Amino acid sequence: MRGLENKVALISGGMGDIGMAIATRLIQEGAKVVLGDLKEKDDTLLATRFQGMAVPDYVQLNVTLAESWKSAFEQVVALHGRCDILVNNAGVISSQSVPFSDIDFQEWKRLFSINVDGTFLGIQAGIQTMKDNENGGTIVNMGSIAGFVGSVGGGSYGSSKSAIINMTQQAALSAARSGQKVRINAVHPGYVWTQLVDATLSKQFGSEEKALEAVRAMNPMNQIVTVEDVAATVAFLASEDARMVNGTGIVVDGGRLLQ
């Protein structure tokens, strides 16, 4: 991707499978990466995961707190002199699968606090940090195809991801018209095969093989969406190749939404 060499990126939710895949791709493209996460830093995991590569820096980040975002960006700037890219990757799924009428309000608020408020605060802090860069900056939000459709038992998660769609549009237009030089886009993955998905669905379907078969069957291409697929799309949106892409979202689901 053009324009990622020596760029500085902060990835929230960076210690998760998708976060580390994004970090790997950005490092391969020449970027300097800082992982932000509420989890404690795991030096052994990072050394193993990024063997033979530049191991990313780490900052502790609670995405639901404005002061934590401010501190994270200050640390990134202290480490690398600036920040060029924010990937708003932190997010959670619901612990419940119930009809909309039975969603627990505390669970609803938990998802919105992390998925929506966390993204909102990240966008604000990212714009404030990057708007005075000579070449501006770019923000990539993590949505989901769940934000485009209804579901029987995923109302809180789908609603939170639906908010990401319009928030991305609002923030992108506002930043552009305000002369803040920060592009803002989103990636909307389908069912991504992570360790958590593997463990959950393998238990549900009785084996990993049956779980993989079930997920492939959801996809018109009969393939699994991988963390690398998501990471490649994030890298594109963060790059100069996407310099005129702003306020939109790219769906990465192999055509599942077309059904």
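**Salt bridges and a two-sided helix**

Arg110 forms a salt bridge with Glu107, and the closest N and O atoms of this pair are 3.0 Å apart. The structure described here is a predicted model, and the distances and accessibilities reported below were computed from it. Both partners belong to helix α4, which spans residues 105-130, and they are separated by 3 residues, or about one turn of the helix. The two residues can also be described by their accessibility: Arg110 counts as partly exposed, with a relative accessibility of 31%, whereas Glu107, at 7%, counts as buried because its value falls under 20%.

Side chains of opposite charge can pair when their charged atoms come close. A search of the whole structure finds 7 salt bridges, and the pair in α4 is one of those that can be examined in detail. Another links Lys70 with Glu74, where the closest N and O atoms lie 2.6 Å apart. Lys70 and Glu74 are both found in helix α3, made up of residues 66-80, and here the spacing is 4 residues, which again is about one turn of the helix. Lys70 has a relative accessible area of 52% and is therefore exposed, the cut-off being over 50%, while Glu74, with a relative accessibility of 45%, counts as partly exposed. A further salt bridge joins Lys41 to Asp43, with 3.3 Å between the closest N and O atoms; in this pair Lys41 is partly exposed, its relative accessible area being 41%.

Attention then turns to helix α6, which comprises residues 195-205 and in which Val197, Asp198, Leu201 and Ser202 are buried. These residues cover an arc of only 115° around the axis, and they therefore lie on the same side of α6. The other side of α6 carries exposed residues, namely Gln195, Leu196, Ala199, Lys203 and Gln204. What covers the buried residues of α6 includes α7, a helix formed by residues 208-218. Between the two helices in the numbering, the chain passes through Gly206, which comes just after α6 and takes a positive phi of about 100°.

Considered as a whole, the description of α6 combines a buried set of residues, among them Val197 and Leu201, with an exposed set on the other side, including Leu196 and Lys203. The salt bridges described within helices, by comparison, join residues about one turn of the helix apart, as is the case for Lys70 and Glu74 in α3 and for Arg110 and Glu107 in α4.

Key. Residues numbered from 1 in each chain as written. Predicted model: local features only at pLDDT ≥ 70, side-chain atom pairs only at ≥ 80, totals over all residues. Heavy atoms only, no water. Salt bridge = Lys/Arg side-chain N within 4 Å of Asp/Glu carboxyl O. Buried < 20%, exposed > 50% of the residue type's maximum accessible area, 1.4 Å probe, protein only. Arc of directions from axis to C-beta. Contact = heavy atoms within 4.5 Å.
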